[in-house]
Amino acid sequence: MNIDIENLVRKNIRALKPYSSARSEFTGKASILLDANENAFGSPLSENYNRYSDPEQKKLKKRIAAVNGVEIENISIGNGSDRLIDNLIRIFCEPGKDSIITCPPVFSMYEVAGHLNDVTVERVLLNDHFQLQTDKILEAATTQTKIIFLCSPNNPTGNSMQPGDLQKIIDNFKGIVVVDEAYIHFARQKSILSLIHANNNLVVLQTLSKAWGLAGLRVGMAFADAAITSWMARVKMPYNVNSASQKLVLEALDKDRQMAVWRDTLVEEREKMETELKQLGFVKIIYPSDANFILIRFKDSLKIYDYLASNGIIVRNQGSQPGLHNCLRFTVGTPKENKQLLAALKNFTN
Ligand SMILES: *Cc1c(COP(=O)(O)O)cnc(C)c1O
């Protein structure tokens, strides 16, 4: 759906005069930079980081745009996609007044970011198959609801949302629909990224933290119509992506073959693990995964959690999420780590 984005933006954000950095004010060619109070001598390192990072991340955006078939104007880069989630809420949700919708069991950052911003969080649970209850979501949306957060493939359940359900929400909600595709590289289903061209209310989030193996660099992307990314540019901190990250990410993006090999190996390992884990008597359900982790329901998940921890293997307890009683989430590791995990589980006795 196409909506009036400007009208949806909070009043104070519309009135905001953003911070203007030294480097973005000057557009000519300079050889002596005495405008930003940097240390002109250099850095006490083998490489220099004495200059502020490019506030617009132009080289990085150009590269990411080319890979994804979008324009530079369709991209906003954040210090992790966590940061982008918070910025989206800041742009569209009036504290103490507006609300967002999340669909648990799901990544908890949407809710945390909502509460951080004093925004009401409405929860419309996924159904028994961990799919969206589209009618209920649309019914729950009021004029105060500014953003619906969806996650596909979904963390922590691992499944992808049905494309028709995503489309239905994008088509019918007169606010912002955020579809978080952090795990899209591992999915059988394709990204819905190209839908941003026909729907200015859609924001697709992706990250370099998962398949790309760059979690420590903190780089996430939002893809959307320029009507949205231009507001994201206004609310972000001026030098939000540091120079080391910008440089290293560009280097990493050249190694897409390495990434593809790891991704393919990981998907094979995931399938192998699913087969092996089915053999274990205390495993109740293995949920099919489109991500780099597997959600498993046990007879008694706490016993398994403690047992694995005592063997130095840390997994994620998901038992407190709605509908995930006795569930643990296992990230798929290297073949060696997965073997060790399986060996430990085979030795488990109640
Ligand atoms: C891991 C994850 C992210 C990534 O966050 P970054 O801040 O980019 O590291 C985003 N969304 C979901 C659902 C995740 O699981």
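1. A residue counts as near the ligand if one of its heavy atoms lies within 4 Å of it. On that basis 14 residues surround the ligand, and the closest are Asp180, Tyr183, Ser209, Lys210 and Arg218. By class, this shell holds five nonpolar, five polar and four charged residues, with Tyr counted as nonpolar and Gly as polar.

2. A quick caveat: this is a predicted model, where local features need pLDDT of at least 70, side-chain atom pairs count only at pLDDT 80 or more, and totals for chains, interfaces and linings use all residues. Numbering runs from 1 along each chain as its sequence is written, and side-chain values use heavy atoms, leaving out hydrogens and water.

3. Now the polar contacts (pairs of N or O atoms within 3.5 Å). Polar side-chain atoms of Ser81 and Thr207 each sit 2.7 Å from an oxygen atom of the ligand, and for Asn155 the distance is 2.8 Å. The protein covers 93% of the 390 Å² of accessible area that the ligand has on its own (Shrake-Rupley, 1.4 Å probe).

4. Have a look at helix α8 (residues 163-172; helices are DSSP H or I runs of at least four residues, strands E runs of at least two). Its buried residues (under 20% relative accessible area, 1.4 Å probe, protein chains only) are Asp165, Leu166, Ile169 and Ile170. They lie on the same side of α8 because they cover an arc of only 135° around the axis, taken from the directions to the C-beta atoms.

5. What do the buried residues of α8 pack against? Their partners, with contact meaning heavy atoms within 4.5 Å, are α7 (134-140), β4 (145-151), β5 (176-180) and β6 (202-207).

Note on methods
Buried means under 20% relative accessible area, exposed over 50%, partly exposed in between (1.4 Å probe, protein chains only). A polar contact is a pair of N or O atoms within 3.5 Å; within protein, one must be able to donate a hydrogen and the other to accept it, and residues adjacent in sequence count only if both atoms are side-chain atoms.
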